[in-house]
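Here is a walk through one protein chain, from a strand residue to the core, a helix and the charged pairs. Keep the viewer open while you read.

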Amino acid sequence: MPSDKIAWQEFGTGTPENPTFERPVQELPPNQQQIRVQASRKGRGGKTVTVISGFQAKPETLAALLKTLKTQCGAGGTVKDLEIEIQGDHREKIVQVLVKQGYKAKVSGG
């Protein structure tokens with residue numbers, strides 16, 4: 001007699017079938033978001049990526065923004081944990097694109 005009830009589950013491991021464990025994301029308008037743009041090499045085998053963090057947006061919004069940024073920079077990229085990563089050092093160009101779209105973006109770090 002199979003049961004759909006979970007007898008035990010490690011905390012923090014939500015499943016797509018069970019939306020109870022998903023954290024709701026409050027989407028703010030672009031002009032109310034403080035976005036940080038920084039270049040990073042940590043844990044990437046010496047390769048530089050530009051990390052854009054500080055988003056309070058839904059994954060669909062980030063995916064659309066990722067596509068725009070990848071096109072503008074001519075580079076690959078991904079979305080990880082509400083952060084966008086673009087391959088290479090494109091800090092200044094990304095800040096310009098984000099400001100044009102209404103975000104409060106600035107370069108962070110050295």
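Let's start with Gln38, which sits in strand β1. This is a predicted model, and in it Gln38 counts as partly exposed, at 31% relative accessibility. Leaving aside neighbours within four places in sequence, Gln38 touches Val49, Thr50, Val51, Arg91 and Ser108. Asp89 is 51 residues away from Gln38 in sequence, yet their C-alpha atoms are 8.5 Å apart in space.

Asp89 brings us to the charged pairs. Side chains of opposite charge can pair when their charged atoms come close. How many salt bridges does a search of the whole structure find? It finds three, and here they are:

| Acidic residue | Basic residue | N to O distance |
|---|---|---|
| Glu85 | Arg44 | 2.9 Å |
| Glu85 | Lys80 | 3.9 Å |
| Asp89 | Arg91 | 3.1 Å |

Glu85 is in strand β4 and Arg44 is in the loop between β1 and β2, so their bridge ties together parts that are 41 residues apart in sequence. Arg44, Lys80 and Glu85 are linked in a network of salt bridges. Within that network, Glu85 is buried at 10% relative accessibility, while Arg44 is partly exposed at 26% and Lys80 is partly exposed at 46%. In the Asp89 pair, it is the basic residue that is buried: Arg91 has a relative accessible area of 18%, whereas Asp89 is partly exposed at 42%.

His90 is in the loop between β4 (83-87) and α2 (91-100). Is His90 buried or exposed? It counts as buried, because its relative accessible area is 19% and the cut-off for buried is under 20%. Beyond its sequence neighbours within four places, His90 is in contact with Thr50, Cys73 and Ala75.

Now for the greasy part. In soluble globular proteins, nonpolar side chains tend to be buried together. The largest nonpolar core here has 19 residues, and Ile52, Ile84, Ile86 and Leu98 have the most contacts inside it. Two or more residues come from each of β1 (34-40), α1 (59-73), β4 and α2, with α1 giving the most, five residues. Click on Ile84 and you'll find contacts outside its sequence neighbourhood that include Val51, Ile52, Phe55, Leu62 and Leu69.

What about α1 itself? Its buried residues are Leu62, Leu65, Leu66, Leu69 and Cys73. They cover an arc of only 110° around the axis, which means they are on the same side of α1. That buried set packs against β2, β3 (77-80), β4 and α2. On the face turned away from the buried side, you'll see the exposed residues Glu60, Lys67 and Thr71. At 1.5 Å a residue, the 15 residues of α1 should span 21 Å, and the end C-alpha atoms are indeed 21 Å apart. Just after α1, Gly74 takes a positive phi of about 65°.

One last stop: the structure holds one aromatic pair. Phe55 and Tyr103 meet edge-to-face, 5.9 Å centre to centre, with 85° between the planes. The pair links distant parts of the chain, 48 residues apart: Phe55 is in the loop between β2 (49-53) and α1, and Tyr103 is in the loop between α2 and β5 (104-107). Phe55 is buried at 5% relative accessibility, and Tyr103 is buried too, at 8%.

Conventions: Residues numbered from 1 in each chain as written. Predicted model: local features only at pLDDT ≥ 70, side-chain atom pairs only at ≥ 80, totals over all residues. Heavy atoms only, no water. Helix = DSSP H or I, 4+ residues; strand = E, 2+ residues; numbered from the N terminus. Buried < 20%, exposed > 50% of the residue type's maximum accessible area, 1.4 Å probe, protein only. Contact = heavy atoms within 4.5 Å. Core = buried A, V, L, I, M, F, W, Y, C linked by side-chain atoms within 4.5 Å. Phe/Tyr/Trp six-rings, centres within 6.5 Å; stacked < 30°, edge-to-face > 60°. Expected span 1.5 Å × (residues − 1). Arc of directions from axis to C-beta. Salt bridge = Lys/Arg side-chain N within 4 Å of Asp/Glu carboxyl O.
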